[in-house]
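Biologist: I would like to learn how to read a model like this one, feature by feature. Could we go through it together?

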Amino acid sequence: MKARVMRSTGSFYDVLAEDGQRYACRMRGKIRLDEIKETNPVAVGDEVKIELEHEYGSIVELLPRQNHILRQSVKRTGHAHVLAANVDQVVLIATVKQPRTSLGFIDRFLVAAESFRIPQIVVFNKKDLLSEEWANEVAQLQALYENIGVKTFFISALSDDDLIRMQSLLQHKITLVAGHSGVGKSTLLNRLAPAQIQQTTGEISDHSNKGTHTTTFAEMFQLNTETFIIDTPGIKEWGLVAMEEQEISDYFPEMRDLRNDCKFARSCLHINEPRCAIKDAVEAGTIAFSRYESYLSMVGGQDNRK
Ligand SMILES: Nc1nc2c(ncn2[C@@H]2O[C@H](COP(=O)(O)OP(=O)(O)O)[C@@H](O)[C@H]2O)c(=O)[nH]1
Ligand SMILES: [Mg+2]
Ligand SMILES: [Zn+2]
């Protein structure tokens with residue numbers, strides 16, 4: 001029977017089978033994988049085949065993936081952890097105030113998603129808290145990101161109209177939702193699926209946890225028959241998994257094509273090289289300076305995370 005992995009604890013998998021039932025499954029035998037060395041063979045979002053024995057099941061086959069999102073594994077041994085598979089889109093919830101999401105963080109998130117070729121959406125939340133001046137800043141950020149092909153929204157998680165906009169954004173898709181703590185992720189998820197999701201809201205952000213390697217797993221919730229969201233509790237950064245420096249500008253859509261015009265097209269890092277089309281575009285203002293700054297922080301500074 002076909003099933004979808006909703007949750008994994010490492011040794012047990014919660015799956016939603018095509019009969020509409022949830023089963024706890026174990027993995028049977030070894031499942032062969034592609035070229036990537038992964039610490040977990042089956043991830044949230046995966047489609048699998050299961051066989052039932054009494055009320056328990058066994059995962060006997062992993063069906064082909066449309067895509068997957070990797071995270072650098074804890075021990076940095078070149079292994080990667082699959083955060084989620086078969087993701088149609090990623091949503092980053094951000095706020096400019098209370099708390100402020102840094103542009104560096106937004107850009108890292110977008111670059112990671114772009115490297116896995118997954119469409120990105122940035123949702124600026126807490127609109128109701130913002131004065132006109134702050135709202136203007138959000139509008140400018142929306143223009144910046146829309147310009148490079150990222151869909152944006154400006155909402156209040158407390159507004160019914162905005163909730164409807166979010167529902168239609170998510171409809172019939174598998175969406176991974178992320179965001180720094182305090183931005184309103186739980187508030188939004190609770191309102192989208194109050195029956196399935198019971199999240200504590202308003203908890204104090206746990207800064208002491210940042211950078212520590214607590215094991216966190218993604219979890220998938222079903223909003224309706226064909227609509228799923230994947231929550232990523234405690235995941236602060238995705239990391240730039242096994243990315244070559246020369247590759248990073250390929251994941252900035254506004255740099256991707258332009259880099260062919262650099263004198264040292266494929267090897268240019270757009271830092272100090274002569275006749276660099278990216279640096280020219282930054283000077284001309286066609287590439288946003290904040291984006292270039294984010295780029296610089298990723299090149300050569302992959303551990304220098306904000
Ligand atoms: N005014 C306002 N407060 C919000 C909004 N969204 C969330 N909050 C509040 O912000 C705080 C953090 O929200 P929470 O959902 O726990 O954030 P999370 O850490 O991202 O899960 C809580 O006190 C929420 O009530 C919003 O759109 N407007
Ligand atoms: Mg929360
Ligand atoms: Zn260049």
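Modeller: What follows takes the ligand site, then the metal site, then some details of the backbone. Please keep in mind throughout that this is a predicted model.

Biologist: Which residues come nearest to ligand 1?

Modeller: One begins with the shell of residues around the ligand and then looks for individual atom pairs. Here 18 residues surround ligand 1, and those that come nearest are Asp128, Gly182, Lys185, Thr187 and Gly202. By character, the shell divides into four nonpolar, 10 polar and four charged residues.

Biologist: Which atoms of Asp128, Ala157 and Gly184 lie close to ligand 1?

Modeller: For each pair, one asks whether the protein atom belongs to a side chain or to the backbone. Asp128 places a polar side-chain atom 2.7 Å from a nitrogen atom of ligand 1. Ala157, by contrast, uses a backbone N or O atom, which lies 2.8 Å from an oxygen atom of the ligand, and Gly184 likewise has a backbone N or O atom 2.9 Å from an oxygen atom of ligand 1. As for the surface of the ligand, 580 Å² is exposed when ligand 1 is taken alone, and the protein buries 80% of that.

Biologist: Which residues coordinate the zinc ion (ligand 3), and why is the arrangement called tetrahedral?

Modeller: One lists the donor atoms and then examines the angles between them. The zinc ion (ligand 3) is coordinated by the SG atoms of Cys262, Cys268 and Cys276 and by ND1 of His270, at 2.1 to 2.4 Å. Four donors count as tetrahedral if all angles lie between 85 and 135 degrees, and because the angles here are 101 to 118°, the arrangement around the zinc ion is tetrahedral. Along the chain, these donors follow the spacing C-x5-C-x1-H-x5-C, and both Cys268 and Cys276 are buried.

Biologist: Is Arg275, in the loop between H5 and H6, buried or exposed?

Modeller: Relative accessible area decides this, with exposed meaning over 50%. Arg275 has a value of 61%, and is therefore exposed. The backbone of Arg275 also deserves a look, since its phi is near 45°, a positive value in a residue other than glycine. Asn260 is found in the loop between H5 and helix H6 (277-284) as well, but at 48% relative accessibility Asn260 counts as partly exposed. Asn260 and Cys276 are 16 residues apart in sequence, with their C-alpha atoms 9.6 Å apart in space.

Biologist: What is the phi of Lys126, and where is that residue found?

Modeller: For a backbone angle, one notes the sign, the residue type and the surroundings. Lys126 is not a glycine, yet has a positive phi of about 70°. Lys126 is found in the loop between strand E9 (120-124) and helix H2 (132-147), and its relative accessible area of 19% makes it buried, as that term means under 20%.

Biologist: Is the peptide bond from Gln98 to Pro99 cis or trans?

Modeller: The omega angle is what one reads for a peptide bond. From Gln98 to Pro99 omega is near -5°, and the bond is cis. Pro99 is found in the loop between E8 and H1, as is Thr95, where the flanking elements are strand E8 (89-94) and helix H1 (103-115). The side chain of Thr95 reaches the backbone oxygen of Pro99 at 2.4 Å, and Thr95 counts as buried, at 1% relative accessibility.

Note on methods: Residues numbered from 1 in each chain as written. Chains lettered and ligands numbered in written order. Heavy atoms only, no water. Near = heavy atom within 4 Å. Polar contact = N/O pair within 3.5 Å; in protein donor to acceptor, adjacent residues only side chain to side chain. Areas by Shrake-Rupley, 256 points an atom, 1.4 Å probe, with all protein chains shown as cover. Nonpolar A, V, L, I, M, F, W, Y, C, P; charged D, E, K, R; others polar. Donors = N, O, S within 2.8 Å, 3.2 Å for Na, K, Ca; no water. Tetrahedral: all angles 85-135°; square planar, octahedral: opposite > 155°, others 65-115°. Buried < 20%, exposed > 50% of the residue type's maximum accessible area, 1.4 Å probe, protein only. Helix = DSSP H or I, 4+ residues; strand = E, 2+ residues; numbered from the N terminus.
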